[in-house]
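Trainee: I have a fresh model on my screen and would love to talk it through with you. Could we go over it together?

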Amino acid sequence: MFQLVKGSAVIGMVFFVLVSFWPALDSEYKGPARVIDADTIEIDGKRHRLYGVDAMEIDQICHSRDGAAWSCGREAAAALAKFLEGRTINCDVWQKKTCDAYGRFISICYAGSDNLSAWVANEGWAIADRDANRLYNYTSQEGMAKFLRKGIWNGTFDPPAE
């Protein structure tokens, strides 16, 4: 009887480990990332558009509350690059096959346990896509950034173009 319980415990632990680490084992793209802009990264020559957010374009200009112009697109990209520095990124392509009109994979990407879409929305560098799947909808992160006047929410901006 003890052997049966012991064997069941081992099987249970193996199952737990597999389920816990399944996203890491299932990653389609993994490695260091190069930031293209605050919602697009590149891993091994493949571009990934972060699912659920739309960030400032790299050359986009915003205006602070006092009216001064600033390069919010470049600052957003630099902030993401600093956040990712030295970290391994895991990207899973949304629904295993989705690409946008520019040939980029639409992906859900993580640096460790940090969801990159959630991070850029939370830091005020992106607008949440209200039509995104409810599991990957970042409107609450956007709302908090807006409330705290972080990033682009500390002034005015034109919504980013695709």
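Trainee: How many bridges join strand 8 to strand 9?
Mentor: Good place to start, and keep in mind that this is a predicted model. Strand 8 and strand 9 run antiparallel. One facing pair to look for is Cys91, which stands opposite Cys109 in strand 9. The number of bridges joining strand 8 to strand 9 is five.

Trainee: Which residue is joined to Cys91 by a disulfide?
Mentor: A disulfide is a covalent bond between the sulfur atoms of two cysteines. Here the S to S distance is 2.1 Å, and both cysteines of the pair are buried. The partner of Cys91 is Cys109.

Trainee: Is that disulfide of Cys91 and Cys109 right-handed or left-handed?
Mentor: Look at the torsion about the S-S bond of Cys91 and Cys109, which is about 115 degrees. That value makes the disulfide right-handed.

Trainee: How far apart in sequence are the parts that Cys91 and Cys109 tie together?
Mentor: The disulfide joins Cys91 to Cys109. Cys91 lies in strand 8 (residues 89-93) and Cys109 in strand 9 (residues 105-111), so the parts tied together are apart in sequence by 18 residues.

Trainee: How many disulfides does the structure hold?
Mentor: Besides the pair just discussed, look at Cys62 and Cys72, joined with an S to S distance of 2.0 Å. Counting bonded cysteines along the chain, the pattern is 1-2, 3-4. The structure's count of disulfides is two.

Trainee: Which elements hold Cys62 and Cys72?
Mentor: A disulfide joins Cys62 to Cys72. The parts this pair ties together are ten residues apart in sequence. Cys62 lies in strand 6 (residues 62-64), and Cys72 lies in helix 3 (residues 72-84).

Trainee: Are Cys62 and Cys72 buried or exposed?
Mentor: Buried means under 20% relative accessible area. Cys62 has 0% relative accessibility, and Cys72 has 0% as well. So Cys62 counts as buried, and Cys72 likewise counts as buried.

Trainee: What about Cys99: is this residue buried, partly exposed or exposed?
Mentor: Partly exposed residues fall between the buried limit of 20% and the exposed limit of 50%. Cys99 has a relative accessible area of 41%. That puts Cys99 in the class called partly exposed.

Trainee: How many residues of strand 9 are buried?
Mentor: Strand 9 has several partners: three bridges join strand 4 (residues 46-50) to strand 9, running parallel, and two bridges join strand 9 to strand 10 (residues 114-115), running antiparallel. Strand 9 is largely enclosed by the rest of the structure. Of its seven residues, the number buried is six.

Trainee: In strand 9, which residue is the bridge partner of Leu50?
Mentor: Strand 4 and strand 9 run parallel. Follow strand 9 across from Leu50, and the bridge partner is Ser107.

Trainee: Which residue takes a positive phi in the hairpin of strand 9 and strand 10?
Mentor: Tyr110 stands opposite Asn115 in strand 10. The hairpin has two residues between the strands. The residue with a positive phi, near 65 degrees, is Gly112.

Trainee: Which side chains make polar contacts with the side chain of Arg104?
Mentor: Arg104 lies in the loop between strand 8 and strand 9, and at 9% relative accessibility this residue counts as buried. One polar contact of the Arg104 side chain spans 2.9 Å and reaches Thr40. Another, of 2.6 Å, reaches Asp100.

Trainee: Which strands stand at the edges of the sheet with the order 7-6-12?
Mentor: This is an open sheet of three strands with antiparallel pairing. Each edge strand has a single partner strand, so one side of each is left without a neighbour in the sheet. The edges are strand 7 (69-70) and strand 12 (155-156).

Trainee: Which residue in strand 12 is the bridge partner of His63?
Mentor: Two bridges join strand 6 to strand 12, and the two run antiparallel. Across from His63, the bridge partner is Thr156.

Trainee: Where does pLDDT stay under 50?
Mentor: The mean pLDDT of the protein is 86, with 83% of its residues at 70 or more. Where pLDDT is low, the predicted coordinates should not be read in detail. The stretch under 50, with four contacts beyond four places in sequence, is residues 16-26.

Key: Residues numbered from 1 in each chain as written. Predicted model: local features only at pLDDT ≥ 70, side-chain atom pairs only at ≥ 80, totals over all residues. Heavy atoms only, no water. Disulfide = S-S within 2.5 Å. Helix = DSSP H or I, 4+ residues; strand = E, 2+ residues; numbered from the N terminus. Buried < 20%, exposed > 50% of the residue type's maximum accessible area, 1.4 Å probe, protein only. Polar contact = N/O pair within 3.5 Å; in protein donor to acceptor, adjacent residues only side chain to side chain. pLDDT = per-residue confidence, 0-100. Contact = heavy atoms within 4.5 Å. Pairing = 2+ DSSP bridges.
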